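Hi there,

Here is the structure I promised to pass on to you. Have a look at it first, and then read on for what turned up in it.

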Amino acid sequence: MSETLSLGVDIGGTKAHGLVLDATDRVLADRIVPTRLTADGVRRTVVEVAAALAADLGASPAGFTSVGLGIPGLVDHNRGVVETAVNLGIARSELAGLLAGDFTAGVRVENDLKAAALGAGLVLGQTVRDLVYVNIGTGLAAAAVSGGRLVRGVRNAAGEIGHLAIDPAGEPCACGQRGCLETVLGGLYLAPRLAAHGLELERLDSDPRPVAIAERERLVATLATVLTTVAIAYDSAVITLGGGVVRAARWLRPAVCDELRRRAADSPFLTGLAVADRLAELPEGSPVAAIGAALVGRDPAAVPSKEH
Ligand SMILES: [Zn+2]
């Protein structure tokens, strides 16, 4: 078979989303299955979704020309090793090696957020080769693509901006610091704080109570700082937002654009940075993480080699 069939699987804590891209990056098949926990469970999940997708295409899993996985945790892309994927019950796993016998093509693994940044670049247009994907879900982190390539850093920790501490008197963070950006915006801290005051994230913009207004202003100001930080750090053409908190708080994006423009009105530096103008919205429901996983699978720079 000479046809390009790039398999990508985004492995989430409860479900795994697999799809297949052709040579023109068209999605040929698309499947979601429940995620099994532990390294062996993840292996069986990937094999299951691959078999289902192959059947949809009238092919066999041996016909996939590349295989890429996106997975939470610290990922050594060159070695195909995943560490501290806590929600999946994985402390450390040589996941690429574990799956090597299940496919003809080599298996490549990347952190799920970094994969999503690659996928976002494709979804927003082939010309988007410089972008930052900011994810606000349980936690807060960013992933950058520069010149079409992921920025990983020497410890694969590039973009962990959630643990930038901005308030010495702020809430304690699981990382050991206080007042991290994540303690303001991350769902792990945000959800109990809102619940304690009887507030709802979805309706925070129309709640007239002072406690709601204070919380709303804090979220908007902190997100404006996050976006300004990534604009200064990476100077990417496009910044895009994703994650459960962003999806739930539909008022947050326009509110933060207003805040960024208000800050820029007082600062020639921020006017030149034009952070609000860099914000791009992904089409609703775009499977950027699974698309990105398929792109990870194709990356020739990721092939394990003796040099590493
Ligand atoms: Zn922290």
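Which residues have the most contacts inside the largest nonpolar core? They are Ala 117, Tyr 133, Val 134 and Leu 227, in a core of 80 residues. This core takes at least three residues from each of domain 1 (6-117 + 298-302) and domain 2 (125-280). As a bit of background, nonpolar side chains in soluble globular proteins tend to be buried together. Please keep in mind as you read that this is a predicted model.

You may like to find Ala 117 on your screen. Leaving aside its neighbours within four places in sequence, Ala 117 is in contact with Leu 131, Tyr 133, Ala 143, Ala 144, Val 145, Leu 150 and Gly 292.

**The two domains**

The protein chain is divided into domain 1 (6-117 + 298-302) and domain 2 (125-280). Taken over C-alpha atoms, their centres are 28 Å apart. How many residues of domain 1 are in contact with domain 2? The count is 9 residues of domain 1, which meet 11 residues of domain 2. On the side of domain 1 that touches domain 2, strand E5 (74-76) and helix H3 (112-124) are the elements that give two or more residues. H3 supplies the largest share of that side, with 4 residues. By type, the residues of this side of domain 1 divide into 5 nonpolar, 2 polar and 2 charged.

**Helix H1**

Next, try helix H1, which covers residues 39-56. At 1.5 Å a residue, its 18 residues should span 26 Å, and the C-alpha atoms at its ends are indeed 26 Å apart, so the two values agree.

Which residues of H1 are buried? Val 42, Thr 45, Val 46, Val 49, Ala 50 and Leu 53 are. These residues cover an arc of only 125° around the axis, so they are on the same side of H1. It helps to recall that an α-helix has 3.6 residues a turn, so residues three or four places apart point the same way. The partners that the buried residues of H1 pack against are strand E1 (6-11), strand E2 (15-21), strand E3 (27-34), strand E4 (66-71) and helix H2 (95-99).

Val 46 makes a good example, as it lies in H1. Why does Val 46 count as buried? There are 28 other C-beta atoms within 10 Å of it, and the cut-off for a buried residue is 20 or more. Not counting residues up to four places away in sequence, Val 46 touches Val 9, Leu 69 and Leu 99. By contrast, Val 46 and His 163 are 31 Å apart in space, C-alpha to C-alpha, and 117 residues apart in sequence.

**Positive phi angles**

Finally, here are some backbone angles to look up. Gly 58 follows H1 and has a positive phi, near 65°. Thr 38 is not a glycine, yet its phi is positive too, at about 75°. Thr 38 sits in the loop between E3 and H1, and counts as partly exposed because it has 14 C-beta neighbours inside 10 Å.

Asp 235 is also not a glycine and has a positive phi of about 50°. Look for Asp 235 in the loop between helix H6 (210-234) and strand E12 (238-242). With 12 C-beta neighbours inside 10 Å, Asp 235 counts as exposed, since the cut-off for an exposed residue is 12 or fewer.

Enjoy exploring!

Best wishes

Conventions. Residues numbered from 1 in each chain as written. Predicted model: local features only at pLDDT ≥ 70, side-chain atom pairs only at ≥ 80, totals over all residues. Core = buried A, V, L, I, M, F, W, Y, C linked by C-beta atoms within 7 Å. Domains from an automatic or database assignment. Contact = placed C-beta atoms within 7 Å. Expected span 1.5 Å × (residues − 1). Arc of directions from axis to C-beta. Nonpolar A, V, L, I, M, F, W, Y, C, P; charged D, E, K, R; others polar.
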